[in-house]
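Me: I have a model open and want to check the labels people put on it. Can you walk me through the reasoning?

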Amino acid sequence: MTQPVSDALVFFGATGDLAFKQIFPALQAMIKRGHLDLPIIGIGRSALSKEQFIARARDSIEQHSQLDASAFSQLSAHLQYLSGDYQDDATYQQLKTLLGDAAHPLHYLAIPPEMFENVIKGLAHSGCAKNSRVIVEKPFGRDLASAQALNQVLLQVFPAADIYRIDHYLAKEPVQNLLYFRFANSFLEPLWNRSHIAHVQITMAESFGVQGRGSFYESVGAMRDVIQNHLLQVAALLAMEPLASDHDDAIRDAKLRAFQAMQPLNPAQIVRGQFRGYREEPGVAAESSVETFAALRLNIDNARWAGVPFYIRAGKQMPLTASEIMVTLKKPRQAVFDTTGAGQENYFRFRIGPDALISMGARVKLAGEAMVGEPVELLAQRHPGDEMSPYERLFGDAIQGDAALFARYDSIEAAWRTVMPVLGNCVPLEIYEAHSWGPAAADRLMAADGGWHNPQLTKDSHGGNG
């Protein structure tokens, strides 16, 4: 069925950090490609004039992208700004006036999760929600119960098909390529199972701290900020079965089955850490027990993956910023030639940030009389990363009514069921030094499987988008 195209974009949190870093550059890029030609209404609590709002958009693009004079001129002409309290009905009445004749507005909530319900009800009471779509930022809820409650609030106002739960990781080009590489190459399928794969590692390392967002980070921590959403979504893409059909929702159906096979995390198989100095960050409690690092073992109980551990690790103040997946194959049953040590097995390596890379680890014979070898890496692809930013791609899809790259609620609920046993202070927090790879206990977690693969950046590693 043809979906109506949105004819106005409203974004709440227009003066916030996310809008400044990601949204304005994405909007200019969409205009530059000819993908955006509609009124754009930013809503925030700061008292700004329209001119000040446009100046903020310019600053945003100059700092986080590259200003294109022509595209920015068009963007400025589309921009409007509404200053208001999200709990005040008058804000939504003013919004309704600004929307004018728009018949299918798209509302994007780039605001703290605790404000979602107020805004959703304000949109409903004012009539601004009629025939509209809504995009909700992650994390979707703080736990299973709050996710269920938020979903009910949304469903009271919006049809299920008009609710878009954003996880920008799903729109990253390297993540899309991960899915493509898996199912476009026939040589992978015979290997992609418990008979040939020893373990899977997913690492998301950030060299920076909370960057002034201490009060926000106190409400989430690493588990809620990136593991429950970004990294479990990546695990689902790695673990899912081939698509059952070419139906629009086939990918999300396949991912749901992978999520449903994920076992609840075991507190005995998780390490929580906090970098030294976190408690001195603005907005952070003096005795905070929020984790800035987490490492865990995920078990997926189905015919393909039973017995294959998925190790997931995410942390701030790491030695570098990079996200990588390492799929390590089992060693040959018989060591015909030389034996291989840890880290010298065959593997597939996928880098999903800052640049994009797909490579394969193999062994080749060293020249000479002896049948001994050395590890080599075969590079399949390397490129700078995202040509199109995730937010540019996702806004374009939402405007057209295409939800394929958005997280479906059933998979979000399944992800919460997986992490529920390890939320909060389930295990003692360990302090780690900044610019290290986290607590030593994380190394012990997967010592039996040869240790973590730590990403390394080279001169060929270029930054991509978010």
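Me: Why is E413 called buried or exposed, whichever it is?

Reply: E413 has a relative accessibility of 16%, and buried means under 20% relative accessible area, exposed over 50%, partly exposed in between (1.4 Å probe, protein chains only). So E413 counts as buried. Bear in mind that this is a predicted model, where local features need pLDDT of at least 70 and side-chain atom pairs count only at pLDDT 80 or more, while totals for chains, interfaces and linings use all residues. Residues are numbered from 1 along each chain as its sequence is written, and side-chain values use heavy atoms, with hydrogens and water left out.

Me: What about R417, and what makes E413 and R417 a salt bridge?

Reply: R417 comes out at 44%, so R417 is partly exposed. A salt bridge needs a side-chain nitrogen of Lys or Arg within 4 Å of a carboxyl oxygen of Asp or Glu; here the closest N and O atoms are 2.8 Å apart, and the pair qualifies. Both sit in helix α12 (residues 409-419), four residues apart, about one turn of the helix. Helices (H or I, at least four residues) and strands (E, at least two) are DSSP runs, numbered from the N terminus.

Me: Which residues are joined into one network by salt bridges that share partners?

Reply: E324, R349, R351, D355, E377 and R382. Within that set, the side chains of R349 and E324 meet at 2.8 Å, N to O. R349 lies in strand β12 and E324 in strand β11, so the pair ties together parts that are 25 residues apart in sequence. Both residues are buried.

Me: How do you know that R33 and E392 link distant parts of the chain?

Reply: Their side chains form a salt bridge at 2.4 Å, N to O. R33 is in the loop between α1 (17-32) and β2 (40-44), E392 is in helix α11 (residues 390-400), and they are 359 residues apart. R33, at 36%, is partly exposed, whereas E392, at 4%, is buried.

Me: Why is H230 called buried, and what does it touch?

Reply: The relative accessible area of H230 is 3%, so H230 is buried. Not counting residues up to four places away in sequence, H230 touches K138, D167, H168, Y169 and M204, where contact means heavy atoms within 4.5 Å. H230 is found in helix α9 (residues 221-239).

Me: And what makes V336 exposed?

Reply: V336 has a relative accessible area of 56%, so V336 counts as exposed. The residue is in the loop between β11 (322-329) and β12 (347-353).
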